[in-house]
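Trainee: Please take me through the sheet in detail, and through what packs around the strands.

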Amino acid sequence: MKACIIYNSKQGTTKAYAEAIGNLLKEKGTDCEIFSIEDYKEDSLKKADLVLLGAWTHGLMIFAQHPERAWKKFAESMPAIHGKKVGLFTTYKLATGSLFRKMESCLGGKIDDVQLVMKSRSKALTPENIKQVEEFLA
């Protein structure tokens, strides 16, 4: 199984979280590539069975959360990836609010559905995150 993780990170927290997810996937026997939204390879995205897309939570602390403009632009330009398991993830300070709904909306019919949503206030995976990834792989 192949996974492609693509993230947008402002201060490195979301990047580190993406890398932690990737390391867990590799431990579970999944071939995994990790890219920033600027550096991702369309071919890797198309060949992946699992796709995880991450963004840091942008907004007004406790409301109006949304993905940052660069992530929205990436989502608009990426190719359709139907037939793949898709997960979304974010890092945040206080709340994620409607971030996941807005991320999915930005993808505008390019995916079948979202099968995983994960969030973390830090760059580390929580026990709950580990369980979520294991269920996503099943």
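Mentor: What follows covers the sheet, the helices on the sheet and the nonpolar cores.

This is a predicted model, in which local features need pLDDT of at least 70, side-chain atom pairs count only at pLDDT 80 or more, and totals for chains, interfaces and linings use all residues. Residues are numbered from 1 along each chain as its sequence is written, and side-chain values use heavy atoms, leaving out hydrogens and water.

Five strands (DSSP runs of E, at least two residues, numbered from the N terminus) form an open sheet with parallel pairing, in the order β2-β1-β3-β6-β7. Two strands pair if DSSP finds at least two bridges between them. β2 (31-36) and β7 (114-120) are the edge strands, each pairing on one side only. Six bridges join β1 and β2 in the parallel sense, and Lys-2 stands opposite Asp-31 in β2.

Helices are DSSP runs of H or I, at least four residues. Helix α1 (residues 13-27) lies across β1, β2, β3, β6 and β7, at about 170° to β1. Across β3, β6 and β7 lies α4, at about 135° to β6. These angles run from 0 to 180 degrees between N-to-C directions, with axes fitted to C-alpha atoms, for helices over the stretch in contact (heavy atoms within 4.5 Å).

A nonpolar core is a set of buried Ala, Val, Leu, Ile, Met, Phe, Trp, Tyr and Cys residues joined through side-chain atoms within 4.5 Å; buried means under 20% relative accessible area (1.4 Å probe, protein chains only). The largest has 22 residues, of which Ile-6, Leu-53, Trp-71, Phe-74 and Leu-107 touch the most other members. A second, separate core of 17 residues includes Ile-5, Leu-50, Phe-89 and Met-118.

Terms used
Buried < 20%, exposed > 50% of the residue type's maximum accessible area, 1.4 Å probe, protein only.
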